[in-house]
Structures are given as C-alpha cells and as structure tokens.
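Please open the model in your viewer and keep the selection tool at hand, as this tour moves from one pair of helices to the next and ends at an enclosed space.

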Amino acid sequence: MNRWKIDLAILWFGCFLLMSGMTMIMPFLPLYLKEMGLTDEHEIAFWSGAIFASNFITSFIFQPIWGKLSDRYGRKIMLLRSGFGMTLVIVLMGFARHPWQLLLLRVANGVISGFNPAAVALVSASAPKERIGFAMGVLQSGAVAGSILGPLFGGLMADLFGFRPIFWFTGLLMLAATLLVLFFVRETFDRAAAARAGKTSLRQSFASLVNIRQLPALYGVSFVIQFASLATMPVMPLFIEALHGSAENLAFLSGLVSSINGIASLIASPVLGRLSDRFGPARIMQISLVGAALSFVPQAFASGVWQLMAARFVHGLFMGGLNPTINALIRKFAPEDKLSQAYGFNSSFISLGNMIGPTAGGALSGFIGIPGVFLVSSALLAVNAASVYAFTRRMARPS
C-alpha cells in the first residue's frame, strides 16, 4: 500500500476517535450541569450556551496561529500538540465540580484544538494531486462517522456509568488517536523552506492569502455552510415535536433525524470526493450547494417526521460533497509554504459559523417560525451557489 494511503487510514481513525469522543459529551451537557447542583432551567440554559460557544470562540482565534506554527515546524507536531493537550483537558472536565470550571476548560480546549485541520493539511500535502478529492472525502467520512456514533455511545455510557466517566473515556480515545499518529504517521517536511517562510507575520500571511481571490470565496462558503446547517439545530426538537404530535419518544426521534443526515454524508463524502477528482472540485461543490439548498425546502413543508427524515437524508447526501471539495480547492490554490495557515483560517470561519448559526436560528424562529428558518438556510446556500458559479471560471488558475 502507498505511504499516503497508510497515513490516510490512520488519520481517518484518528478523526473518527476524536469526533466520537467530542460528540459523546455535548448532548448531555445540561444534565451534567444539573448533576453539579444547578436547578433553575434558565441558569442551566445560560451556562450550557456559554460553555458550548466558548470552545468555538477561542478556536476561531487560535486556529490560524496553530496553522502558522504548523507551516513552520510541521503538521505532525501540531497533531501531537493538539491531541495530547485535548486529552488532558477533557479528562479534567470529568473532575469539574462547578460550571465555571467546565467553562474555563472548554475555553482551554478551544485554544489547544486543531487536530482535524492539521490532519487535513497533512493528508493534502502527502496525497497525489489527482487523488486529493478522494482523500479529503475519506477523511471527512471518518469525522462524520464519529459524530454519528459518539452520541449513541455516550448515551449508553451515561445510562451505565453516569456522566463523569464519559469524559475520562473520551480522554482515552483522544490519547489512542494521538498515539496512533505518533507511532505510525510519517511526514516529509522541508524545514529549511519552512524557516524562510516563517519570517512573515500572521497578518502578512493572511493578507497574502486573501489576495488569492479564490480563498476568501472558499472561506465564505465554509462559513455559510456551517451557519445554515446549525441554524436549524436549536429548533429541530421543537419542529419534530410539532410534527409528531406528542413528547413520546421525542429524544429518540430527534437523535434519529440528526443521525440520518450524518449517515447520508458518510455515504456520499468518499463518492463525491472521487467524482471531484474526475470532474473538478469546483463543479462538484457547486452541484452540492444547489442540492443542499433545494433539499432545505421540503424540510420546511414536511407534514410528518418520516417526510422530514427523507428530506434530511437527501440533504446529507449533498452536504457530504462540500467540505471535501472546499479542502481540495484550498489545497489547489494555497501556496505550499502557507498550506496549514490556509486551512487554519478556513477552520476559523467554520468556528464562526458554528457560533453564530445556532444563535441566529433560535432568534429568527421567534419572528418567522421554524419553517422560515429552513427557508432562510435554503436561500443562504442558494446565494452561495450563485457566488461559486461566478468564481468557477476564475478557478482554472490561482492569482
């Protein structure tokens, strides 16, 4: 087997373990806060929102910094830094006794995070250019698979052992993923070239990257994808309850509707990644954006849970083609000596969408109703598709 395929397989497993561990925890955060002694529902909601968002705020700030250091000292060392650091922080979350302690640890987790962007940068640097779409799709499928199975494993562990052991088990998963990288992933890194490139400041690097006109457009696509996708998440359980007509089995149905989208993405990511190698990532990205935009519409007008699930499955198929093609295009247009920084800035825009999307969706639902949130998300992706079309002809070559 080719060396890049071995590294891809190891990093797939690493991303799978990372996302499994991270998603084991967050669905049960309000219950964990109750265990700490909080009883007021508004107080629980406040702390849950603050703790959830804090990770993305610090991640938004620090991802480009780690990207620059990755270009200077190597991608593998950044994977190890993030993996070992997150292992320690997540284990400590299991010992938290007060909400403010959990908040500070989530802030620290965002500061030291960066496993996935570093993995993307490492794979993109090692995979042949003619197979980059396939490699990005496979790597994405690992993260998606982990995000699907994580809540399931977390729910089973919470019922059997309680909430705190989830954090300790998550730490073990992170440690296992990091050790796999330490012992089995290889990296070819030109330190002399990296040292020369590292003399520029982060602001200068960002200025040089945004002057490549395709990159700001791709960052905008990443932001809108996350914003539109997460805008519907806070209202999804309420929408499912309205469609279902009762609160019976509501948690199960909400989890099923969320999982069906991820399952579809898991199926589609490698397939659409391979098609992007054949037909070009810009074309596949544009088709995926149009399909994702259109598939939001039947979700808004669903009259039953099963109709919503069918529309969510179709939506997930198209969403599976977006992140791999974005990563492939960043690889195409970013300079070699700033590749990790390019991915770091993209990760910052993803974090920004993760922060703003749920808040905006919850606020909008009070004015335009829950179906209106789906239609706004559809419109945002449609506008994004139009902007990608405008850039398609320019993507033949970098500036």
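Throughout this tour, contact means heavy atoms within 4.5 Å. Helices are DSSP runs (H or I, at least four residues), numbered from the N terminus. This is a predicted model, in which local features need pLDDT of at least 70 and side-chain atom pairs count only at pLDDT 80 or more, while totals for chains, interfaces and linings use all residues. Residues are numbered from 1 along each chain as its sequence is written, and side-chain values use heavy atoms, with hydrogens and water left out.

Select first helix H12 (residues 236-244) together with helix H15 (residues 305-319), which pack at an angle of about 135° with their axes 9 Å apart. Axes here are lines fitted to C-alpha atoms, for helices over the stretch in contact, and angles run from 0 to 180 degrees between N-to-C directions. H12 and H15 are therefore oblique to each other, given that angles under 35 degrees count as roughly parallel, over 145 as roughly antiparallel, 65 to 115 as roughly perpendicular and the rest as oblique. Show the side chains of Met-236, Phe-239, Ile-240, Leu-243 and His-244 in H12, which meet Val-305, Leu-308 and Arg-312 in H15. The residues of this contact divide into six nonpolar, one polar and one charged, where Ala, Val, Leu, Ile, Met, Phe, Trp, Tyr, Cys and Pro count as nonpolar, Asp, Glu, Lys and Arg as charged, and the others, Gly among them, as polar.

Next, select helix H11 (residues 214-231) and helix H16 (residues 322-333), whose axes come within 10 Å and cross at roughly 165°. That angle makes H11 roughly antiparallel to H16. Among the H11 residues that meet H16 are Leu-218, Tyr-219 and Ile-225, and the H16 side of the contact includes Ile-326, Leu-329 and Phe-333. The contact of H11 with H16 holds 10 nonpolar, four polar and no charged residues.

Move then to helix H4 (residues 75-93) and helix H5 (residues 99-112), which pack at about 170° with their axes 9 Å apart; H4 and H5 are therefore roughly antiparallel to each other.

Finally, look for enclosed space, where a cavity is a set of points on a 1 Å grid over the protein atoms alone at which a 1.4 Å probe fits but cannot get out, and lining residues have an atom within 4 Å of a point. The whole structure has four cavities of 30 Å³ or more, and the largest cavity contains about 80 Å³ of space. To find the largest cavity, select Trp-66, Gly-67, Gly-114, Pro-117 and Ala-118, the closest to its centre of the 13 residues that line it. H3 gives the largest share of this lining, four residues.

Methods: Helix = DSSP H or I, 4+ residues; strand = E, 2+ residues; numbered from the N terminus. 1 Å grid on protein atoms, 1.4 Å probe; cavity = no way out; pocket = protein on both sides within 12 Å on 5 of 7 lines; lining within 4 Å. Points joined across faces, edges and corners; volume = space filled by probe spheres on them.
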